[in-house]
Amino acid sequence: MDVSIPACTADVSAEWLTAVLRDSGTIGAQTSVTSIACEPSAIGVGFMGEVGRVEVRYANATGGEPASVVVKFPTANPEVAAMMRPTRVYEREHRFYAELAHLTPLRTPRTYHITCETSPDPDEDERYLLVLEDLSSMTLGDQLAGLSAEQTASALTGLGAHHARFWNGAGLEAASFVPDIDGPLNLIGQSIYAASLPGFLSLFDDALEPETRKLARDYEANHPQLLRRLGAMPRTLVHFDYRADNLFFDDAAADVTAGGVGEVAAIDFQAISAGGGAADVGYLLSQNLESSTRRLHEIELLHCYHDALAAGGVRDYPFEQLLDDYRVGLIYGWVIPVFATGTLDSSSERAMALWTAAIERVTDAVFQHGAHELLTERKDTS
């Protein structure tokens, strides 16, 4: 396939898309892409890269060809690219789709093309590109608005099935690209947290009670020991960014009479790690639904997750252990709003509202469950 690889959505051509879709068997040898259109409102350029939606028209279509696809590129900013390279986030996601996505019962986008060209030489360019199924016909979750109890149940059922598939490291034996949750790639988060904390405390001053400020300061020294706690749990494939804005719900598959939301699909596997699944559960429940909803349905939602583990064959993980691990997941999740400060556009009303809500929600969950008591390390100020 001798066609130039695009570097951004604007570079995608009908010729290139024809070549990659034929190469993957998505379209037949006689079918070709005749025209493409990118919807400006559907193209997102973020800190770590760009995601675009491309509408496609064909000649000699036989039926079943995708009417649109999603393309995902890494950042074009060389400084950001250099900063992200040691984390291997692009390699993690691309190799997940190439090597692990077919193993999980959790729905993920169909993969139409993967470019994953890595290099051990830091001076040599790496190239990454994904062409994925467009899930926009499904209902995208909204972290700011908060998930409903029904959406959360669906999300936790899918997550439990996913974690069960990789329980005790099953299927990860050859996945060397998946880092340990308490390994060096995640431990460097302590320094990122320290660098982000002053800006966080300043930006969200009005949203922080005195006890929350203390929690924020105490967290830094405890980041490594919390990761060690997560690492000591039964090992599975942790999504590590399992939140509403990365989840799609299939309303067509729902039992409307029962108020269901049907199947869940997940995207964004850049942070995948091997460790305790409670990291995903704690983040989802503590920051992705209103506190009143969480408090009312929390135990039944945790049972949804635990039941999905059992349905997937997990027999060595009692519910009481999940409750203990869940507390660790809650307090570890505190790191996320602070990390977000480093890339937060404070002029964005939605971004500020989202993280203000997330802080209020996670604080409520942490103190309700006494998870702040797990912050046992103290920063050396000598």
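Cys38 is partly exposed in this predicted model, with a relative accessible area of 29%. If you are wondering about a partner for this side chain, the closest cysteine sulfur belongs to Cys8, 9.2 Å from the sulfur of Cys38, and that is too far for a bond. Cys116 also counts as partly exposed, at 28% relative accessibility. Its closest cysteine sulfur is again in Cys8, at 20 Å, too far for a bond. Here are the two distances side by side.

| Cysteine | Closest cysteine sulfur | Sulfur to sulfur distance |
|---|---|---|
| Cys38 | Cys8 | 9.2 Å |
| Cys116 | Cys8 | 20 Å |

A disulfide is a covalent bond between the sulfur atoms of two cysteines. The cut-off used here is a pair of cysteine sulfur atoms within 2.5 Å, and a search of the whole structure finds zero such pairs.

Now for the chain as a whole. Its secondary structure comes to 12 helices and 11 strands. The radius of gyration is 21 Å, close to the 21 Å that the globule rule gives for 382 residues, so the chain is as compact as a globular protein of that length. Along the principal axes, the C-alpha trace spans about 65 × 50 × 45 Å.

Of the 382 residues, 53% are buried. Among contacts with a separation of 6 or more, 74% join residues 24 or more positions apart.

As for the surface, about 16,800 Å² is accessible, and carbon and sulfur atoms account for 50% of that area. The chain carries 54 negative and 27 positive side chains, and the centres of these two sets lie 3 Å apart.

Key: Residues are numbered from 1 along each chain as its sequence is written. This is a predicted model: local features need pLDDT of at least 70, side-chain atom pairs count only at pLDDT 80 or more; totals for chains, interfaces and linings use all residues. Side-chain values use heavy atoms; hydrogens and water are left out. Helices (H or I, at least four residues) and strands (E, at least two) are DSSP runs, numbered from the N terminus. The radius of gyration is taken over C-alpha atoms; the globule rule is 2.2 Å times the number of residues to the power 0.38. Buried means under 20% relative accessible area, exposed over 50%, partly exposed in between (1.4 Å probe, protein chains only). Contact means heavy atoms within 4.5 Å. Accessible areas come from the Shrake-Rupley method with a 1.4 Å probe; for residues, only the protein chains shown count as cover. Lys and Arg count as positive and Asp and Glu as negative; His and the chain ends are not counted. The place of a charge is taken as NZ of Lys, CZ of Arg, CG of Asp or CD of Glu.
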